[in-house]
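Ready for some practice in reading a protein structure? Take a look at the sequence and the model, then work through the exercises at your own pace.

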Amino acid sequence: MADALLCRDVRKSFGPVRALNGTTLRVERGTIHGLVGENGAGKSTLMKVVMGEIEPDSGRIEAAVRPGMIRQQLSTIPEFSVLDNIIFGNEPVRRGLITRRAAAAQVGELMEQIRLPLPLRAEAALLPPALQQRMEILRVLYHRAELILMDEPTALLTPYEVDALFDLLRRLVAQDHTVVFITHKLREVEALCDAVTVIRHGRTTHHWPDRSFSVTDIAAAMVGEGAADAGPVHPARGEITASDVLLSVEVAGRQVTVRAGEVTGIAGVAGNGQDALVEHVCGLAAHPGFGSVALGGRPIDHWPTKRRRAAGLRLIPADARQWASAAEAGIVDNVITSEVAPAFTGRFGRLRKRAMARHAAEVVAAGQVVASGIEQKAGELSGGNLQRLVAARELTPGGTAVIAHEPTRGVDFRAARAIRHRLRAFADQGGATLLVSSDLDELFEISDRIVVLYRGTVAGQVARGDFSRARLGALMGGLAGEEAAS
Ligand SMILES: Nc1ncnc2c1ncn2[C@@H]1O[C@H](COP(=O)(O)OP(=O)(O)OP(=O)(O)O)[C@@H](O)[C@H]1O
Ligand SMILES: [Mg+2]
């Protein structure tokens with residue numbers, strides 16, 4: 001079969017950082033090709049080279065068909081309509097005027113062909129992430145791309161939406177399109193991909209041209225020979241002793257609590273109030289469905305976020321890029337901004353630069369952040385490395401309660417396990433961890449109990465001994481409203 005894409009020995013450095021160091025990728029036409037590797041391995045950089053956005057230092061790129069990319073950060077133009085987003089840059093023009101009707105007809109035909117309906121007149125910003133992603137897929141198809149590069153497309157999707165995306169990708173390859181699929185979820189590779197390439201430190205280390213791979217082979221190739229295993233996260237403590245409630249929030253008339261030493265998980269299908277709960281507890285926005293928030297027994301409803309932080313409330317947000325970092329600032333400043341100032345202010349208000357640098361280096365080490373140095377700009381870190389940095393920053397000593405909202409999104413499997421270890425350890429050392437996650441395995445691994453949200457209310461609460469997919473699934477689907485288990 002012919003190749004849709006051949007990247008040969010591609011190299012690219014950013015200053016001292018060797019992002020690509022001899023990467024080779026061969027993608028057969030009409031296949032779904034998995035591209036995997038740890039955070040910072042060079043996956044996104046390689047895709048940008050294929051798109052022509054980044055000029056490689058050396059190597060060859062041969063694309064037999066036109067490439068189009070759905071990127072890690074969706075590139076929706078929020079104030080445009082869905083249609084205008086799709087046709088942007090390639091509008092049909094007659095006598096100098098854009099003929100929207102012709103465009104709508106073309107896009108409509110395309111939607112029909114691949115069975116992907118979308119409200120074309122809607123304002124793009126109002127679409128949920130899954131539909132914005134569909135819009136982007138339609139955009140690249142409208143621009144006649146036949147090689148579709150997808151950079152972690154499932155990170156923002158619910159399990160049901162993931163299935164729908166996989167069906168769509170299978171339909172596309174059946175119509176002779178080709179897909180490069182980047183993910184950290186190896187089960188997705190197993191379910192979807194016809195071939196796999198692994199990159200490690202910018203170099204291709206393994207390539208399976210067919211489905212002869214196994215998830216364990218891929219994992220081994222990703223982390224390299226003799227990589228130390230972090231080991232399983234030690235189980236939760238089981239019986240909760242009557243220790244103090246460190247954090248509580250009223251959700252539609254019911255109390256959700258986290259005691260010292262405890263991890264309380266929050267499960268639910270995306271869109272059932274999780275985002276609002278996080279915003280409400282952290283003081284980013286007050287939501288009417290939720291009531292009083294207390295930290296260490298004191299109501300904090302009228303406290304601004306800054307005061308909540310000073311009292312020990314920490315937040316690992318789902319999107320570190322958007323909510324928890326400054327792209328143009330270096331790692332040191334990104335770590336320090338969140339700290340209570342006196343620790344780094346010396347006499348006469350002078351900043352203690354050396355103490356700041358030492359602290360930043362500690363956070364980088366604790367989070368196993370791969371960076372060229374502590375002055376590297378946050379905007380230059382790979383997606384997963386930025387998430388690692390923010391998680392490590394929020395889990396430094398001094399915190400009482402941490403809200404972890406999809407803390408391992410975009411993080412490779414080994415680092416994800418390390419983050420779960422640290423969330424558990426935070427609780428074991430007497431803190432309170434509220435883990436909001438769409439990943440049931442993640443919740444099962446470290447939670448003492450799981451509260452299920454459904455339509456902004458508590459559908460039920462399950463204690464550690466009673467965890468099961470069936471039980472949780474029923475509550476998440478609104479099928480089994482129950483009284484509180486504890
Ligand atoms: N514009 C840039 N300037 C400096 N360094 C960069 C830049 N873009 C990427 N890098 C570095 O290149 C390396 C590869 O980054 P890349 O984003 O390709 O990784 P990735 O495999 O996509 O990781 P992730 O799984 O975390 O998304 C990282 O060390 C990153 O810090
Ligand atoms: Mg990336």
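Two strands count as paired if DSSP finds at least two bridges between them. Keep in mind that this is a predicted model.

**Exercise 1. Find the partners of strand 18 and say in which sense they pair.**

Solution.
- Step 1: Start with strand 17 (residues 313-316), which is joined to strand 18 by 4 bridges, and the two run parallel. Here Leu313 is found opposite Ala401 of strand 18.
- Step 2: Turn to strand 19 (residues 432-436), which pairs with strand 18 over 5 bridges, in the parallel sense. For His405, the bridge partner in strand 19 is Val436.
- Step 3: Follow the chain. Strand 18, helix 14 (residues 413-428) and strand 19 form a right-handed β-α-β unit.

**Exercise 2. Decide why strand 18 is described as largely enclosed by the rest of the structure.**

Solution.
- Step 1: Recall the cut-off: a buried residue has under 20% relative accessible area.
- Step 2: Apply it to residues 401-405. In strand 18, 5 of the 5 residues are buried, so the strand is largely enclosed by the rest of the structure.
- Step 3: Check each face. Ala401, Ile403 and His405 are buried on one side, Val402 and Ala404 on the other, and both faces are covered.

**Exercise 3. Work out whether His184 is buried or exposed, and what its side chain reaches.**

Solution.
- Step 1: Locate His184 in the loop between strand 9 (178-182) and helix 6 (186-192).
- Step 2: Use the cut-off again. His184 has 9% relative accessibility, so it counts as buried.
- Step 3: Look for a polar contact. The His184 side chain reaches the backbone oxygen of Gly410 at 3.4 Å.
- Step 4: List contacts beyond four places in sequence. Among them are Gly37, Lys43, Glu152 and Asp412.

**Exercise 4. Describe helix 1 and the surroundings of ligand 1.**

Solution.
- Step 1: Take helix 1 (residues 43-50), where 7 of the 8 residues are buried. These include Lys43, Ser44 and Thr45.
- Step 2: Move to the ligand. Ligand 1 is surrounded by 21 residues, and the closest are Gly40, Lys43, Thr45, Ser382 and Gly384.
- Step 3: Compare polar distances to oxygen atoms of ligand 1. A polar side-chain atom of Ser44 lies at 2.9 Å, one of Thr45 at 2.6 Å, and a backbone N or O atom of Gly384 at 2.7 Å.
- Step 4: Consider the cover. Ligand 1 alone exposes 640 Å², and the protein buries 87% of that.
- Step 5: Name the contributors. Strand 2 (17-28), helix 1 and helix 13 (383-394) each supply at least two residues of the shell around ligand 1.

Methods: Residues numbered from 1 in each chain as written. Chains lettered and ligands numbered in written order. Predicted model: local features only at pLDDT ≥ 70, side-chain atom pairs only at ≥ 80, totals over all residues. Heavy atoms only, no water. Buried < 20%, exposed > 50% of the residue type's maximum accessible area, 1.4 Å probe, protein only. Polar contact = N/O pair within 3.5 Å; in protein donor to acceptor, adjacent residues only side chain to side chain. Contact = heavy atoms within 4.5 Å. Right-handed = clockwise from strand over helix to strand, strands pointing away. Near = heavy atom within 4 Å. Areas by Shrake-Rupley, 256 points an atom, 1.4 Å probe, with all protein chains shown as cover.
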